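Notebook open, coffee at hand. Here is what I looked up today, entry by entry.

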Amino acid sequence: LTIVPEKIVNYSHEARYRLDITVPVDLVNDLGKVKRLFHEEISKDDRILKTPPPSVGVLELGDYAATMLVRFCVPYALRNPVSWDLRERIHARMQAEGIAIAVPRQAAEER
């Protein structure tokens, strides 16, 4: 009896787990500075694996936002606590450094 034609992988048995965190930032920000700050926050956490190396990049450019992608690997059992902690630290760092979070804008029409 074949239920699924492909091999099923139980990722809970893998040694590492890749996490992707997306962070929308306003286009008024210096994206190079944003990348540098996010890398600094990653480097502060010893639970984040060095191999493969973590990465930060611009995933998407929109009308008012750049969506940053923060990608890194952790031991499987630590995936949630590391993800939650890093999100909080990134948010706090953005506030401290004056990095604007993306918010939709609407143009006013004059009549």
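Before starting, I noted the cut-off I would use: a residue counts as buried under 20% relative accessible area, and as exposed over 50%. I also reminded myself that this is a predicted model.

**Entry on Ser-83.** I looked up Ser-83 and found it in helix H2, which covers residues 79–97. Is Ser-83 buried or exposed? Its relative accessible area is 5%, so I put Ser-83 down as buried. I then asked what Ser-83 is in contact with once neighbours within four places in sequence are left aside. My list reads Leu-19 and Ile-21.

**Entry on H1.** Next I went to helix H1, residues 31–43, and counted 13 residues. From first C-alpha to last, H1 reaches 18 Å, close to the 18 Å expected at 1.5 Å a residue. I wrote down the buried residues of H1 as Val-34, Leu-37, Phe-38, Glu-41 and Ile-42. Looking down the axis of H1, I saw these buried residues fall within an arc of 145°, so they line one face of the helix. A handy reminder for my margin: an α-helix has 3.6 residues a turn, so residues three or four places apart point the same way.

What do the buried residues of H1 pack against? I noted strand S1 (16–26), strand S2 (55–61), strand S3 (65–75) and H2. At the start of H1, I found a side-chain oxygen of Asp-30 within 3.0 Å of the backbone nitrogen of Gly-32.

**Entry on Gly-98.** Last, I checked Gly-98, in the segment after H2. With a relative accessible area of 58%, Gly-98 is exposed. I also paired Gly-98 with Asn-29: they are 69 residues apart in sequence, and 8.9 Å apart in space, C-alpha to C-alpha.

How values were computed. Residues numbered from 1 in each chain as written. Predicted model: local features only at pLDDT ≥ 70, side-chain atom pairs only at ≥ 80, totals over all residues. Heavy atoms only, no water. Helix = DSSP H or I, 4+ residues; strand = E, 2+ residues; numbered from the N terminus. Buried < 20%, exposed > 50% of the residue type's maximum accessible area, 1.4 Å probe, protein only. Contact = heavy atoms within 4.5 Å. Expected span 1.5 Å × (residues − 1). Arc of directions from axis to C-beta. Polar contact = N/O pair within 3.5 Å; in protein donor to acceptor, adjacent residues only side chain to side chain.
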